[in-house]
Amino acid sequence: MKSEKRIGNFILLLAEQLYAQFSTQELEEALLSSATTLEKLLISSIENLPKSSLKKNLVQHDRLPQLLQLLRQHLQALRSAEPQKLSFQSKEDRSKTLKEAVDEFVKDFRDGTLETPKSRQILGRLLQVNDDCPLELIWSFAAVHLTESRPPAADSRVLVSETLTDGGNAETLTEDVGSRISIAKDLFQCFTACTAGKSCSGSTSIAALVPMIVVLSEAVKKFSEHSNSKPLTKSEKKTLKNLKNLVAEVLSYVAICGRKNSGFSPLNLPRSLSCCIALLEFLKVRRTGKDSERSFERDMEEFFPLTSPSIQAALLDEDCNVEYLASVVILETTLLRLVVEVIDWRRALKRQESCRSAAKDGELHQNLKILTVNCIATAKNQSFFDILLELLLEQKLPITSFLSQDEEILLRGVLYEVTTLVNYAFLGQHGENQTNEANSGDKINKIFLNRMVVAHQAVQLFRVL
């Protein structure tokens, strides 16, 4: 049932993208001619998807005629609803329309007067004509798209406000975390489709995942809180498996995007997060509240739960760009993967034990070490490595709400090892993504100095242990 829904959402999103991309004449030709053109576009879009259960279901040959028919129906419906397509004469015209469209979206969403078809048509067109789509555009379009494809539940339940006590039953945990996993998958599908075009840089594709990481982090946190107090049931083990698979899938996608050209577009995070807030409020994973009731510092903690205050401050710096935000997303995804690995190991113990004592044989320590080295070596990202070192300079890692104190100490020790004792080829090179050699050299020097400080801290920790 859920797989059919995701297939339908994918076809609807593809239709919106094609409609925005086609001129009026191209649209008419695609609808009136044989299905060859649409078939090629459909197959190409499916092939560009990351490896997932959705892609596996889509590539079934017997589905192709049905998918083509559904795609044609959506295109015809869009043409009937909005026959006049937008056109832009210049880059300045696009920028002006983009600002107006995003501002209007945020205002209408807050006022409850959002006209979904109109907003979808304008934002979808802007999504196609911009060279490297701004994050506020991607997140605004995602909210409009999900407004139709994923209508909010009839109840007013706000997932982010729910907590599970020790008395919570397995059904409650499975339903709560399962709902977040489902939302995260829908967001992941939407963002990967929006940034699949050649116009989006690898940095933008990764940075666009911020709202999904928020939902995924909350799911991991809630599951960890419950699994730390009692053994898992059969349904909870299945939920953990789904959670682990999704995190691994996101990491693979991030690695693929990292091979694309990076983007150094300026980042206006407060403006972008206003659209992200609207998206998460619609999905009921964030409380709706008046602007006067919000603290932007608290918003930063909520949107980047696996970072430190210094990293959050750097994101608000006027010189910050999308490439830095993408590196932060890589860091958070990596930490989530390590946390899930510890939770899975905790389950394997079948009884509550100290991870420090469980790691005496070195098996857990070795698993985490191999996993972390693989994440760093696959990313090949100097900014990510630099941010990871900065995180290790903090007194505590931002995973204390996910893991116990012993588990945090164990994970910190692993991170000390992989950042100071392993040589990575990409650290000895001038980064291809740097704007010039001077900037690249400065970053390498900074990394070298931070590694020395981290190595000193590691020696102090191991002396205590």
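Which residues does Thr333 touch, not counting residues up to four places away in sequence? In this predicted model, the residues touched by Thr333 are Ile213, Val247, Val250 and Leu251. Thr333 itself sits in helix α16, which spans residues 322-349, and is buried, with a relative accessibility of 1%. The side chain of Thr333 also has a polar partner in the backbone: the oxygen of Val329 is reached at 2.7 Å.

With that one site in view, it helps to step back to the whole chain. The chain has 21 helices and zero strands. Of its 465 residues, 52% count as buried. Among contacts with a separation of 6 or more, 80% are between residues 24 or more positions apart. A search for disulfides across the whole structure finds zero. Two of the cysteines can be placed by their accessibility: Cys257 is buried at 4%, and Cys320 is buried at 6%.

A good place to look at helix packing is the pair α18 and α19. Helix α18 covers residues 363-379 and helix α19 covers residues 382-392; their axes come within 8 Å and cross at roughly 140°. The two helices are therefore oblique to each other, since an angle has to be over 145 degrees to count as roughly antiparallel. On the α18 side the contact is made by Cys375, Ile376 and Ala379, and on the α19 side by Phe384, Phe385 and Leu388. By residue class, this contact comprises six nonpolar residues, no polar ones and no charged ones.

The loop between α18 and α19 contains Lys380. Lys380 is exposed, with a relative accessible area of 60%, and its phi is near 50°, a positive value in a residue other than glycine. As background, most residues other than glycine have a negative phi. At the start of α19, a side-chain oxygen of Asn381 comes within 2.9 Å of the backbone nitrogen of Ser383.

Helix α19 is also notable for its burial. Eleven of its eleven residues are buried, so α19 is largely enclosed by the rest of the structure. The buried residues of α19 include Leu389, Leu391 and Leu392, and also Gln382, Asp386 and Glu390. Phe384, Phe385 and Leu388, which α19 contributes to the contact with α18, are likewise among its buried residues.

Part of the surroundings of α19 comes from Thr419, a residue of helix α20 (residues 405-420). Beyond its neighbours up to four places away in sequence, Thr419 touches Phe385, Leu388, Leu389 and Leu392, together with Arg451 and Val454. Phe385 and Leu388 thus appear twice in this account, in the contact of α18 with α19 and among the residues touched by Thr419. Thr419 is buried, with a relative accessible area of 0%. A polar atom of the Thr419 side chain lies 3.2 Å from the backbone oxygen of Tyr416.

Attention now turns to earlier parts of the chain. Gly8 belongs to helix α1, residues 2-21, and is partly exposed, with a relative accessibility of 22%; the limit for counting as buried is under 20%. Gly8 and Leu70 are 62 residues apart in sequence, and their C-alpha atoms are 8.3 Å apart in space.

Arg63 is found in the loop that joins α4 (53-58) and α5 (64-81). Is this arginine buried or exposed? Arg63 is buried, with a relative accessible area of 13%. Leaving aside residues up to four places away in sequence, Arg63 touches Glu4, Ile7 and Asn57.

Val102, finally, lies in helix α6, which runs over residues 91-111. Val102 counts as buried at 1% relative accessibility. Not counting residues up to four places away in sequence, Val102 touches Glu136, Ser140, Arg271 and Cys275. The C-alpha atoms of Val102 and Ile122 are separated by 9.8 Å, with their positions 20 residues apart along the chain.

Technical notes. Residues are numbered from 1 along each chain as its sequence is written. This is a predicted model: local features need pLDDT of at least 70, side-chain atom pairs count only at pLDDT 80 or more; totals for chains, interfaces and linings use all residues. Side-chain values use heavy atoms; hydrogens and water are left out. Axes are lines fitted to C-alpha atoms, for helices over the stretch in contact, and angles run from 0 to 180 degrees between N-to-C directions. Helices (H or I, at least four residues) and strands (E, at least two) are DSSP runs, numbered from the N terminus. Angles under 35 degrees count as roughly parallel, over 145 as roughly antiparallel, 65 to 115 as roughly perpendicular and the rest as oblique. Contact means heavy atoms within 4.5 Å. Ala, Val, Leu, Ile, Met, Phe, Trp, Tyr, Cys and Pro count as nonpolar, Asp, Glu, Lys and Arg as charged, and the others, Gly among them, as polar. Buried means under 20% relative accessible area, exposed over 50%, partly exposed in between (1.4 Å probe, protein chains only). A polar contact is a pair of N or O atoms within 3.5 Å; within protein, one must be able to donate a hydrogen and the other to accept it, and residues adjacent in sequence count only if both atoms are side-chain atoms. A disulfide is a pair of cysteine sulfur atoms within 2.5 Å.
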